[in-house]
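Trainee: I would like to take a close look at a single part of this model and then see how the rest of the chain is arranged. Please begin with the part I name below and proceed from there.

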Amino acid sequence: MANWEIVELHRNSANWPKMLGEIVRIEKKIFPKHESLAKTFEEELRKKNCGLLYSEIGGEIAGYVMYSWPSSLFASITKLAVKENHRRRGHGEALLNAAIQKCRTRNVHRISLHVDPSRSPAMSLYKKLGFQVDSLIDGYYSSDRNAYRMYLDFDMD
C-alpha cells in the first residue's frame with residue numbers, strides 16, 4: 001500500500017481554498033447533480049458542527065468524508081467519496097473509521113447516513129463497520145431513487 005495519511009481540513013488553514021477546490025471537483029465528478037453538495041460545500045463546512053477529513057497521497061486528495069453533529073447525541077455522515085483510481089485500497093474504510101472516532105470524541109450515541117441501495121461497495125463498507133439499515137426512504141435522491149437510512153449505535157458505559 002502506498003504511503004498516505006488522513007488529514008483534517010481546518011477553516012483557517014492556508015490550504016483551505018486549494019483543498020476545498022479539489023474536493024468540490026471530486027464531488028462534481030463522482031455524484032450526480034441532484035446528489036452533489038458541490039454548490040454548498042463551503043457553506044456546510046463553515047458551520048461549527050461540521051467536519052471534513054481527507055485522504056492524501058503524494059499531495060493528491062484520494063477521498064474525503066464530511067460529517068456533522070447536529071446535537072450532542074447524534075451525528076451524521078454527510079458524504080463519503082473516494083476517487084475511482086484510489087478505490088479498493090482502504091481509503092473509504094480509513095476515512096469512515098476516522099470520522100466515527102471524531103464523532104465518538106463528542107460522545108454521540110448514534111451516527112446515521114443515507115446510501116443508495118444500488119451502491120453495493122458502499123453498502124458492504126457500512127455493514128462491515130457495524131452500520132445497520134434502519135429504513136428505506138422512498139424518493140430520497142429523486143422521485144425514482146430511494147435511499148437506506150443506516151445507523152451505528154455506541155454502547156455508552
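In which element is the place of Arg104?

Mentor: The model under discussion is a predicted one. Within it, Arg104 belongs to helix α3. Its relative accessibility is 40%, so Arg104 counts as partly exposed, the class between the 20% limit for buried and the 50% limit for exposed. With respect to Trp4, Arg104 is 100 residues away in sequence, and the two C-alpha atoms are 23 Å apart in space.

The helix that holds Arg104 also contributes to the interior. Helix α3 spans residues 91-104 and gives six residues to the largest nonpolar core, which is the largest share from any element. That core has 26 residues, and the members touching the most others are Ile77, Leu96, Ile100, Ile111, Tyr126 and Phe131. At least two residues each are supplied by β3 (60-68), β4 (74-82), α3, β5 (110-115), α4 (120-128) and β7 (145-153). For Ile100, setting aside residues up to four places away in sequence, the residues touched are Ile111, Leu129, Phe131, Leu152 and Phe154. A further core of 20 residues lies apart from the largest one, and its members include Cys50, Tyr54, Ile61 and Ala81.

Strand β5, one of the contributors to the largest core, also carries Ser112. The relative accessibility of Ser112 is 8%, which is under 20%, and therefore Ser112 counts as buried. Beyond its neighbours within four places in sequence, Ser112 is in contact with Phe74, Ala75, Ser76 and Ile77, as well as with Met150 and Tyr151.

Tyr151 appears again in a charge-over-ring arrangement: Arg110 lies over the face of Tyr151, 4.0 Å from the ring centre. In a second arrangement of this kind, Arg106 lies over the face of Trp69, with 3.6 Å to the ring centre.

A second serine merits attention. Ser55 is located in strand β2, residues 50-57, and is buried because its relative accessible area is 0%. The side chains of Ser55 and His91 make a polar contact at 2.5 Å. His91 is also among the residues in contact with Ser55 once neighbours within four places in sequence are left aside; the others are Trp4, Glu5, Ile6, Glu60, Ile61, Ala62, Gly63 and Leu95.

Aromatic rings remain to be considered. A pair of such rings is described by the distance of the centres and the angle of the planes. The whole structure contains four aromatic pairs. In one of them, Phe41 and Tyr64 are arranged edge-to-face, with 5.8 Å from centre to centre and 80° between the planes. This pair links distant parts of the chain, 23 residues apart: Phe41 sits in helix α2 (residues 41-45), and Tyr64 sits in strand β3. Phe41 has a relative accessible area of 0% and is therefore buried; Tyr64, at 0% relative accessibility, is likewise counted as buried.

Finally, a wider view. According to an unreviewed UniProt entry, the annotation "domain: N-acetyltransferase" covers residues 7-155. Over residues 7-155 the chain is 29% helix and 36% strand, and the C-alpha atoms at the ends are 27 Å apart.

Conventions: Residues are numbered from 1 along each chain as its sequence is written. This is a predicted model: local features need pLDDT of at least 70, side-chain atom pairs count only at pLDDT 80 or more; totals for chains, interfaces and linings use all residues. Side-chain values use heavy atoms; hydrogens and water are left out. A nonpolar core is a set of buried Ala, Val, Leu, Ile, Met, Phe, Trp, Tyr and Cys residues joined through side-chain atoms within 4.5 Å. Buried means under 20% relative accessible area, exposed over 50%, partly exposed in between (1.4 Å probe, protein chains only). Helices (H or I, at least four residues) and strands (E, at least two) are DSSP runs, numbered from the N terminus. Contact means heavy atoms within 4.5 Å. UniProt positions are given in the numbering used here, feature names are shortened, and annotations may be inferred rather than shown by experiment. Rings of Phe, Tyr and Trp (its six-membered ring) pair if their centres lie within 6.5 Å; planes under 30 degrees apart count as stacked, over 60 as edge-to-face and the rest as tilted. A charge sits over a ring if NZ of Lys or CZ of Arg is within 6 Å of the ring centre and within 35 degrees of the ring normal. A polar contact is a pair of N or O atoms within 3.5 Å; within protein, one must be able to donate a hydrogen and the other to accept it, and residues adjacent in sequence count only if both atoms are side-chain atoms.
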